[in-house]
Amino acid sequence: MEWYEHPLLAALPKAVRSKLPLAAATFEAGDVVHAAGQQVERVHFVLLGTINLLHKDQTLGVKSVVELAGPGHLVGAQTERGSAVVARHEAVAAEAVRTATLEQEIFQALLLESPPFAMAFIRYNELRRELVEERSIAGGKINIESVRVNDDLIRRVTISYVLTNRIIPVALKSGTATVALVDADLKKVEHDMKRLLGASRVVPLKISQKQFDEFQRRHLGMDLATPAGEDELAWYREVRGRDYSIHYENPFESLLEKAKGKDLEIDGAAVVRLSDKIIGEALDLDASDIHFEPYAGGMEVRFRMDGELVARPESVRKDHLAAMLSRLKVLAGMDIAERRKPQDGRATAVCNNRKVDLRISSVPTRFGEKIVIRILDPVARLMDLDTLVVSREVLDSILWMGERPYGMILICGPTGSGKTTTIYSLLMRKKDQPVNIVTIEDPIEYILEGITQVQRNPSVGLDFPHAVRAFLRQDPDVILVGETRDPETAKASLEAGLTGHLVLTTIHAGNVFASLYRLSEMGIDPFIIANSMVGLISQRLVRRTCPVCAENAPYHRRLIEPLGLPGLRKPEGDFYMFRRGRGCAACNNKGYKGRMAVFETLRVVDDFKHLLAENRPFSETRAAARKLGIYHSMRQYSALLLGAGLTTPEEISRILFYERGEDLPDASKES
Ligand SMILES: [Zn+2]
């Protein structure tokens with residue numbers, strides 16, 4: 001943010017603004033902007049970074065963050081005019097901060113002399129109070145940086161407990177345990193603290209994931225957070241100056257023209273240019289989704305890049321909000337007049353000779369409709385299996401499954417874990433064979449020549465199970481069923497697998513054994529599961545270490561060993577060496593570039609089928625699978641990726657811990 005973009009300064013008449021004796025100030029993380037209880041000489045209009053306002057709790061002796069002031073905020077001012085301004089809270093820079101600063105005296109004079117500025121300041125304070133109230137409802141906050149970590153307590157609950165549950169015991173005093181936590185079931189925490197520390201009462205303090213990462217970095221001596229880029233906005237600077245002209249290939253183009261007369265009245269051309277620009281930027285940045293999120297002051301735009309939502313530094317102005325919503329809805333072929341019901345639609349956009357499908361959905365919110373555009377690139381992300389799978393053993397497993405003449409291949413994982421890419425890569429292998437391939441999908445993410453793709457359409461009764469039954473009458477060899485989420489689809493797909501067809505489908509489940517469990521939970525006969533299933537694949541995505549700036553980095557064994565990864569190279573003393581990106585221009589200082597899948601596979605061989613049919617307990621089934629050599633775990637795959645320097649322990653711990661991998665408790669048994 002430039003100083004003149006600061007909303008409070010922008011409220012000043014230009015003539016006043018240009019004469020303002022503003023000075024630039026910068027702070028490093030940890031710098032004190034002003035101390036508590038002292039007169040505040042200068043106010044700071046925050047332009048970049050975050051300043052924490054800290055309150056010191058006398059009894060606990062810890063400081064907690066009561067407010068965060070980011071770009072657009074003001075630090076050092078109070079509403080009472082005239083009187084000497086004494087700081088209630090200490091203000092400390094949380095990261096590199098840049099402000100425009102003004103003498104308190106001049107600031108107070110401005111409030112008196114410029115009514116528009118005073119109004120803007122009052123509105124700002126109201127907004128702020130609302131935010132603070134919201135936050136205090138969410139529970140007390142703690143400034144984890146200021147806590148002196150009690151090693152003894154950590155040892156007693158174990159580091160692995162801290163990492164797995166993201167719970168840090170901070171103090172234990174006369175039976176009361178104070179714990180900092182990211183999010184947790186309080187009942188469970190109370191139970192755990194009683195068991196582990198003998199505490200009879202628990203005081204929870206909420207911390208953010210970022211603070212937790214910071215704690216890990218400081219106290220476990222390792223940086224589990226993404227290396228902080230010096231210039232986090234480099235990615236945006238790349239595209240912000242570019243011009244985009246997008247052509248839309250859809251039947252709604254004429255509607256676009258018509259709509260220009262109505263809602264688009266307000267600066268219609270500018271809004272069209274801006275929406276084209278945002279979509280064009282998303283394509284250039286290889287974003288997978290664009291989120292348009294209205295709030296009181298306008299509309300925030302966020303791009304999902306490599307799985308992370310990143311805010312576009314420039315939001316959409318409030319006076320463009322209505323026109324922008326109309327523009328996007330028209331693009332999608334939605335009803336512009338309908339604002340209370342969720343809608344969805346689609347469009348095909350062509351930008352710089354690249355053609356993509358846009359899946360657009362709207363949901364009404366308090367400040368207007370939130371719109372999400374999913375970008376589906378039919379060509380870009382198709383990958384050959386050999387490229388997708390880096391483990392020879394896992395590749396062979398998957399190929400083995402694909403070569404079965406009939407049966408079901410089940411691919412599991414949460415949304416956004418790359419299941420579709422895997423399934424299509426498998427289909428590509430099949431497509432060159434003399435077989436008839438049909439798919440029922442929602443949405444059709446990639447267009448493959450030579451196969452019959454059908455879009456699911458429940459409104460005309462074309463749901464997954466109905467489509468499967470209809471397909472069976474048309475003599476297919478391979479059937480892809482987009483998703484199995486109900487017993488009816490599961491049953492239809494498994495039966496198709498039993499009657500001589502190869503069926504590929506996905507399921508929302510944590511791992512391969514959990515998927516088998518989900519199916520039997522749906523009431524499917526274990527005998528049918530056992531006889532139809534030929535293989536299961538589970539997957540997650542991790543960020544790939546940037547090859548340009550990767551360097552050796554030491555990781556303390558206390559961090560690595562709880563991951564339970566088999567077959568790692570021996571540590572040097574207390575430290576394992578892995579590759580980690582330092583951050584460079586090629587990766588926008590993130591240290592990562594692109595993503596890759598981590599797989600778990602289970603081949604269902606004949607010797608294994610009777611175990612499945614008997615519906616034995618999870619642990620027994622897995623032990624048998626290991627013995628038969630048909631199971632390859634996510635931990636094995638992770639160890640391989642780490643050994644090859646393709647990703648970092650940070651990424652691996654994220655998928656193994658934070659995605660609640662159900663195989664965690666048995667980690668120690670893995671060899
Ligand atoms: Zn790099």
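**Close-up 1. The two faces of strand β24 in the predicted model are both covered.** On one side of β24 stand L502, L504 and T506, and on the other stand V503, T505 and I507, and all of these residues are buried. The strand spans residues 502–507, and with six of its six residues buried it is mostly covered. In a regular strand, side chains point alternately to one face of the sheet and to the other.

**Close-up 2. Strand β24 pairs with β20 and with β23.** The pairing with β20, which covers residues 407–412, is parallel and runs over six bridges, and within it L410 has T505 of β24 as its bridge partner. The pairing with β23, residues 478–481, is likewise in the parallel sense and has four bridges; here V478 is matched with L502 of β24.

**Close-up 3. A helix joins with two strands in a β-α-β unit.** The unit is made by β23, helix α17 (residues 487–498) and β24, and it is right-handed.

**Close-up 4. The wider sheet is open and holds eight strands.** Their order is β22-β21-β23-β24-β20-β25-β28-β29, with mixed pairing. The edges are formed by β22 (452–455) and β29 (631–632), each of which pairs on one side only.

**Close-up 5. Strands β25 and β28 pair in the antiparallel sense.** Strand β25 covers residues 533–545 and strand β28 covers residues 592–603, and 10 bridges link the two. In this pairing, T545 stands opposite Y592 of β28.

Key. Residues are numbered from 1 along each chain as its sequence is written. This is a predicted model: local features need pLDDT of at least 70, side-chain atom pairs count only at pLDDT 80 or more; totals for chains, interfaces and linings use all residues. A residue is buried if 20 or more other C-beta atoms lie within 10 Å of its own, exposed if 12 or fewer, and partly exposed in between; C-beta atoms are placed from the backbone. Two strands pair if DSSP finds at least two bridges between them. A crossover is right-handed if, with the strands pointing away from the viewer, the path from the first strand over the helix to the second runs clockwise.
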